[in-house]
Amino acid sequence: MLGILKNEFPAVSLSKIRFLENQGLVQPQRTPAGYRMFSDADVERLRFALAAQRDSFMPLRVIGERLAELDAGLEEASVTAAHATTTSARLRPAELAELAGVSTEHLAELTSAGLVGLDAGGRYPTHSVAVVQLAAELGRQGVDLRHLRQMRSAADRQVDVVAQLTAPLRGRPNSPQDSRQRERALEAADELSGLLSRLHSALVSSGVERLF
């Protein structure tokens, strides 16, 4: 079951699935020995919950409501509408912690380390969910805050490279900029960030190979 979900959600873990089960989103059958038996329907419920968190940053409470509506045979339009209402929202600390499956204390540590940041209103941007989830998974693999700070510094250096190379397209701050120029700047930034990420991954893989 975990292997099936990992094809679509590489960061998913057994602890994450246990967490979703504890929240009542899935209730697998158990063998007499106590082992969980996930049916195809259980896997689909997990897939829905994981996609709702990843793509729409939907709180677990809302996911539970949407699953209940689907169980009752209600129209899928209500699910789509719920996605649309949550994608643009900024998140309170408790909401981000719930979505990412971490404690508020752990979230505070990641914030202090500079992995994620609050806006002036004390909320987090929605892309923080993926950062916190990955940081939590790395933490379970033994990566501590010191390592995470180093990763953040490396990411900031890559952002600096993108900023320098796209400066001619982005123009001066607060200067008039037509939509086409902005689009070209975004396209260039996306391409550069993708290439830098691929290079970073290739260099890490090469370094790991040398270890063995």
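Is the crossing of α6 and α8 left-handed or right-handed? The crossing is right-handed, and the views below take you there by way of the whole chain. Please keep in mind that this is a predicted model.

**View 1. The protein chain is built from 10 helices and two strands.** Following the sequence, you meet the pattern α-α-β-β-α-α-α-α-α-α-α-α. The chain has 212 residues, and 28% of them count as buried. Its accessible surface comes to about 13400 Å², with 55% of that belonging to carbon and sulfur atoms. Among the contacts with a separation of 6 or more, 56% join residues that lie 24 or more positions apart.

**View 2. Leucine 20 is a buried residue of helix α2.** Helix α2 covers residues 14-22. The relative accessible area of leucine 20 is 0%, under the 20% cut-off, so this residue counts as buried. Setting aside neighbours within four places in sequence, leucine 20 touches Leu25, Val26, Leu46, Ala49, Leu50, Gln53 and Leu60. One of these partners, alanine 49, is 29 residues from leucine 20 in sequence, and their C-alpha atoms are 8.2 Å apart.

**View 3. Glutamine 27 sits in a loop and is exposed.** The loop in question runs between α2 and β1, a strand of residues 29-30. Glutamine 27 has a relative accessibility of 65%, which is over 50%, so it counts as exposed. From glutamine 27 to arginine 45 there are 18 residues in sequence and 9.8 Å in space, C-alpha to C-alpha.

**View 4. Isoleucine 63 is a buried residue of helix α4.** You can find helix α4 at residues 60-71. With a relative accessibility of 0%, isoleucine 63 counts as buried because the value is under 20%. Beyond neighbours within four places in sequence, isoleucine 63 is in contact with Leu25, Phe48, Ala49, Ala52, Gln53 and Met58. Leu25, Ala49 and Gln53 also appear among the contacts of leucine 20 from View 2. Arginine 45, met in View 3, is 18 residues from isoleucine 63 in sequence and 9.9 Å away in space, C-alpha to C-alpha.

**View 5. Helices α6 and α8 pack against each other.** A pair of packed helices is described by the angle between the axes and the distance between them. Here helix α6, residues 93-100, and helix α8, residues 128-140, pack at an angle of about 55°, and their axes are 9 Å apart. An angle of about 55° lies outside the ranges for roughly parallel, perpendicular or antiparallel, so the two helices are oblique to each other. As for the question at the start, their crossing is right-handed.

**View 6. Residues from both helices meet where α6 and α8 touch.** On the α6 side you will see Leu96, Leu99 and Ala100. Facing them from α8 are Ser128, Val129, Val132 and Gln133. Sorted by class, this contact has five nonpolar residues, two polar residues and no charged ones.

Definitions and conventions: Residues numbered from 1 in each chain as written. Predicted model: local features only at pLDDT ≥ 70, side-chain atom pairs only at ≥ 80, totals over all residues. Heavy atoms only, no water. Helix = DSSP H or I, 4+ residues; strand = E, 2+ residues; numbered from the N terminus. Buried < 20%, exposed > 50% of the residue type's maximum accessible area, 1.4 Å probe, protein only. Contact = heavy atoms within 4.5 Å. Areas by Shrake-Rupley, 256 points an atom, 1.4 Å probe, with all protein chains shown as cover. Axes fitted to C-alpha atoms, helices over the stretch in contact; angles between N-to-C directions. Parallel < 35°, antiparallel > 145°, perpendicular 65-115°, else oblique. Left-handed = near helix turned anticlockwise from the far one by under 90°. Nonpolar A, V, L, I, M, F, W, Y, C, P; charged D, E, K, R; others polar.
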